[in-house]
Amino acid sequence: METFVTIERALQIVRKTPIQSTTETISLDQGHNRILSKDLQSKVDDPAFDNSAMDGWAVRSEDTTRVEIGVTTAGEASSEIGEGEAIRIMTGASIPKGADAIVMVEDGINGKAHTNFIRKRGENLRQGETTLTSGQVMTPAAISLAATMGHNTIPVRSRPKVVVISTGDELISPGSELKEGQIYESNSYGLCALLEKIGCKPIRHEVVEDTMDGLRNALNSIDCDVIITSGGVSMGDHDYVRKLMEEEGTIHFWKVAMRPGGPPLFGTWNGIPLFGLPGNPVSSHLVFSLLVAPWISPEIQLAKEVKVRMKNQVKGAPSKVCLRRIQISTVGDELVATTHTHQGSGNIHSMVAHNGVTYLPPDTGADVGDTIQALWFQ
Ligand code: AMP
Ligand code: MG
């Protein structure tokens with residue numbers, strides 16, 4: 001086991017434990033945000049036939065006066081024109097044989113003929129062409145492109161099944177009444193939402209009490225691709241995730257040089273990869289974004305690396321990368337950052353009130369006007 005590793009080293013270590021991945025074929029309707037598992041070729045030319053980019057008349061460009069001999073609309077088979085003839089045409093309709101230009105409806109039938117208002121067969125895509133490759137995230141535009149290419153189903157990576165377990169005797173579900181000393185359990189909700197965002201199938205386990213037996217029983221009852229726990233990984237007497245993993249599981253690393261988010265651990269339980277996140281809400285979100293997401297779904301970027309100019313002074317952290325919550329905005333051609341709520345790692349509001357974090361190297365603060373590295377949440 002390694003302890004107190006850098007963020008880069010932590011990523012190297014987790015990547016040595018790949019997630020069992022399978023593939024499946026799903027309906028395109030279900031495809032949003034899924035990750036393609038094979039290259040996809042177009043089944044057709046796009047457009048499949050020369051067609052009009054405008055409402056107007058299909059004409060021969062050499063004619064100067066024309067007579068309308070008919071109408072063609074999108075969806076009809078191609079018609080034909082001869083010398084001095086024009087066919088009224090709607091956007092998307094097939095170009096009649098003999099025509100080589102379009103006159104816009106606004107210009108009248110004898111108006112200027114435009115050859116570039118014809119969308120040529122195959123000008124966007126050729127049949128057999130690959131435009132979506134394995135690993136592609138199926139954005140809304142990628143979904144439309146798959147449909148354009150004739151696919152109603154797509155091969156995708158199966159969504160990893162990830163169980164999220166919050167641990168802590170003080171935690172109760174939101175919706176019930178708080179008794180003295182209790183707090184609402186919030187991490188599993190946010191973590192499940194983050195898992196959805198990176199294309200996983202999250203399963204929220206009920207809260208597990210702070211005992212070795214309770215935790216062992218819960219972990220042994222789980223069948224999934226990845227286990228994520230929250231809480232119980234620090235130095236406290238009740239930090240049973242760490243204790244159980246030390247005694248009965250396998251730990252690859254414990255503690256990462258980042259603040260907040262210092263005490264996470266990573267290892268395996270019964271062969272299942274287990275990420276133990278700290279209980280503080282900001283810590284668990286940041287460890288997820290910096291370490292868990294790039295490991296499970298490297299294709300989906302939760303945070304973009306940017307340079308920002310600080311409007312406030314911020315302190316760094318001794319020996320750790322310091323992740324202070326910042327609000328990043330564009331001013332002119334640069335990104336500026338401000339910080340405006342209490343920064344405690346227990347204050348999840350700071351993650352809503354800001355859209356990024358600083359990425360200050362160990363022992364390094366920033367003064368007003370300094371340009372520093374930051375992460376901008378997407
Ligand atoms: P721990 O990592 O278990 O020592 O917890 C650190 C802090 O985070 C404590 O103040 C806990 O009450 C709080 N905490 C732990 N788990 C959760 C959770 N699931 N939701 C909200 N707060 C939590
Ligand atoms: Mg705890």
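Accessible areas come from the Shrake-Rupley method with a 1.4 Å probe, and for residues only the protein chains shown count as cover. The model is predicted, so local features need pLDDT of at least 70 and side-chain atom pairs pLDDT 80 or more, while totals for chains, interfaces and linings use all residues. Side-chain values use heavy atoms, without hydrogens and water.

**Exercise 1.** Describe the surface and burial of the protein chain.

*Solution.*
- Start with area: the protein chain exposes about 18000 Å². Carbon and sulfur atoms supply 48% of that.
- Then take burial (under 20% relative accessible area, 1.4 Å probe, protein chains only). Buried residues are 49% of the 378 in the chain.

**Exercise 2.** Decide whether the protein chain is spread out or a compact globule.

*Solution.*
- Count elements by DSSP runs (helices H or I, at least four residues; strands E, at least two). The chain has seven helices and 27 strands.
- Compare radii: the radius of gyration is 29 Å, well over the 21 Å from the globule rule for 378 residues, so the chain is more spread out than a compact globule. The radius is taken over C-alpha atoms, and the rule is 2.2 Å times the number of residues to the power 0.38.
- Check the box: along the principal axes, the C-alpha atoms fill roughly 95 × 50 × 40 Å.

**Exercise 3.** Find the polar contacts of ligand 1 (N or O pairs within 3.5 Å).

*Solution.*
- Glutamate 170: a side-chain N or O atom is 2.6 Å from a ligand oxygen.
- Glutamate 185: a side-chain N or O atom is 2.8 Å from a ligand nitrogen.
- Asparagine 280: a backbone N or O atom is 3.2 Å from a ligand oxygen.
- Finish with cover: the protein hides 77% of the 490 Å² of accessible area that ligand 1 has on its own.

Terms used:
Residues are numbered from 1 along each chain as its sequence is written. Chains are lettered from A and ligands numbered from 1 in the order in which they are written. A polar contact is a pair of N or O atoms within 3.5 Å; within protein, one must be able to donate a hydrogen and the other to accept it, and residues adjacent in sequence count only if both atoms are side-chain atoms. Buried means under 20% relative accessible area, exposed over 50%, partly exposed in between (1.4 Å probe, protein chains only).
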